[in-house]
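Subject: Structure handover

Hi,

Here is the structure I said I'd pass along. Have a look at it first, and my notes follow underneath.

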Amino acid sequence: MSVNKPMDILNQAREKRVLIRLRGNRRMRGILKNYDIHLNLTLEEAEEIASEGAIKLGDVIIRGDNVIMISPPPK
Amino acid sequence: MSSIPINTLRKVIGQYIIIRLKDNVKYKGKLQSFDQYMNCHLSDAIEIIANEEVARYGNIFVRGNNILLVQLAVDEL
């Protein structure tokens, strides 16, 4: 196994605004506060990115099994 | 003798791969790392839906349970 682990990029993305793709064709954006091995996520200032625009959700916990992809902001 | 799948994946760290997900979305990028769940970190990634590039990301984390297959030895872009 490689020395670096994929979770490392999530650790580096803490307190940053990340883009998340979820099951059911949903996309969200929010400030990543914390995560665990299941990819349960706590987000602040979360918003769902819908075709009608962004829907503000405030602080949320996302259950990890819905997560498909997470992208931290470009440096 | 060919190695077990996880070792084959280890050998292509640093190379471009295409990850095809169960929902038919594909991510092409440079494999940086993976773990025992096949969670993957790709850099210079593009998102491909219906053979069209729809987005570019500097880095992405893909949760392993969504992966259908990994295409090895693909061209850079």
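Let me start with a side-chain pair in chain A: Arg29(A) and Glu47(A) form a salt bridge, with N and O 3.4 Å apart. Arg29(A) sits in strand E2 of chain A and Glu47(A) in strand E3 (residues 41-50) of chain A, so the salt bridge ties together parts that are 18 residues apart in sequence. The two ends differ in their surroundings: Arg29(A) is partly exposed, at a relative accessible area of 32%, whereas Glu47(A) is buried, at 12%.

Before I go on, please keep in mind that this is a predicted model. Its scores are ipTM 0.87 and pTM 0.90. For chain B the average pLDDT is 94, and 97% of the residues reach at least 70.

More salt bridges

Over all chains the count is 10 salt bridges. One of them joins Lys33(A) to Glu15(A), at 2.7 Å from N to O. That pair also links distant parts of the chain: Lys33(A) belongs to strand E2 (residues 26-35) of chain A, while Glu15(A) is in the loop between helix H1 (8-12) and strand E1 (17-22), 18 residues away. Lys33(A) comes out as partly exposed, with 25% relative accessibility.

Another one is between Arg63(A) and Asp65(A), where N and O are 3.1 Å apart. Here Arg63(A) is exposed at 57% relative accessibility, and Asp65(A) is partly exposed at 27%. There is also a network to look at: salt bridges with shared partners connect Arg21(A), Arg27(A), Asp23(B) and Glu47(B).

Where the chains meet

How many salt bridges run between chain B and chain A? The count there is 3. Arg27(A) and Glu47(B) form a salt bridge, and their closest N and O atoms are 2.8 Å apart; both residues are also members of the network I just mentioned. The contact as a whole draws 22 residues from chain A and 21 residues from chain B. Together the two chains bury about 1900 Å², and carbon and sulfur atoms account for 57% of that.

The sheet

What is the strand order in the open sheet? Its 10 strands run E4(A)-E3(A)-E2(A)-E1(A)-E5(A)-E4(B)-E3(B)-E2(B)-E1(B)-E5(B), with antiparallel pairing. At the edges are strand E4 (53-62) of chain A and strand E5 (67-71) of chain B, each of which pairs on one side only. From one strand to the next, the twist averages 35°.

If you want to see the join between the chains, look at strand E5 (residues 67-71) of chain A and strand E4 (residues 52-62) of chain B: they run antiparallel and are joined by 2 bridges. In that pairing, Ile70(A) has Phe61(B) as its bridge partner.

Inside chain B

Strand E3 is a good place to zoom in. Is strand E3 (residues 40-49) of chain B largely enclosed or left open? Of its 10 residues, 8 are buried, so the strand is largely enclosed by the rest of the structure.

On one pairing, E3(B) goes with strand E2 (residues 26-34) of chain B, antiparallel over 7 bridges. Ser33(B) has His41(B) as its bridge partner there. The hairpin of E2(B) and E3(B) has 5 residues between the strands, and Met38(B) in this hairpin takes a positive phi near 70°.

E3(B) also pairs with E4(B), again in the antiparallel sense, over 9 bridges. In the hairpin of these two strands, 2 residues lie between them, and Ala50(B) has a positive phi near 55°. If you check backbone torsions, Met38(B) and Ala50(B) are the ones I noted.

Last, a word on Arg56(B), which lies in strand E4 of chain B. Opposite Arg56(B) stands Ile46(B). Arg56(B) is exposed, at 55% relative accessibility. Its C-alpha is 5.8 Å from that of Ala45(B), although the two residues are 11 apart in sequence.

That's what I have.

Cheers

Key
Residues are numbered from 1 along each chain as its sequence is written. Chains are lettered from A and ligands numbered from 1 in the order in which they are written. This is a predicted model: local features need pLDDT of at least 70, side-chain atom pairs count only at pLDDT 80 or more; totals for chains, interfaces and linings use all residues. Side-chain values use heavy atoms; hydrogens and water are left out. pLDDT is the predictor's confidence in each residue, from 0 to 100. Two strands pair if DSSP finds at least two bridges between them. Helices (H or I, at least four residues) and strands (E, at least two) are DSSP runs, numbered from the N terminus. Axes are lines fitted to C-alpha atoms, for helices over the stretch in contact, and angles run from 0 to 180 degrees between N-to-C directions. Buried means under 20% relative accessible area, exposed over 50%, partly exposed in between (1.4 Å probe, protein chains only). Contact means heavy atoms within 4.5 Å. Buried area is the accessible area (1.4 Å probe) that two parts lose on being put together, summed over both. A salt bridge is a side-chain nitrogen of Lys or Arg within 4 Å of a carboxyl oxygen of Asp or Glu.
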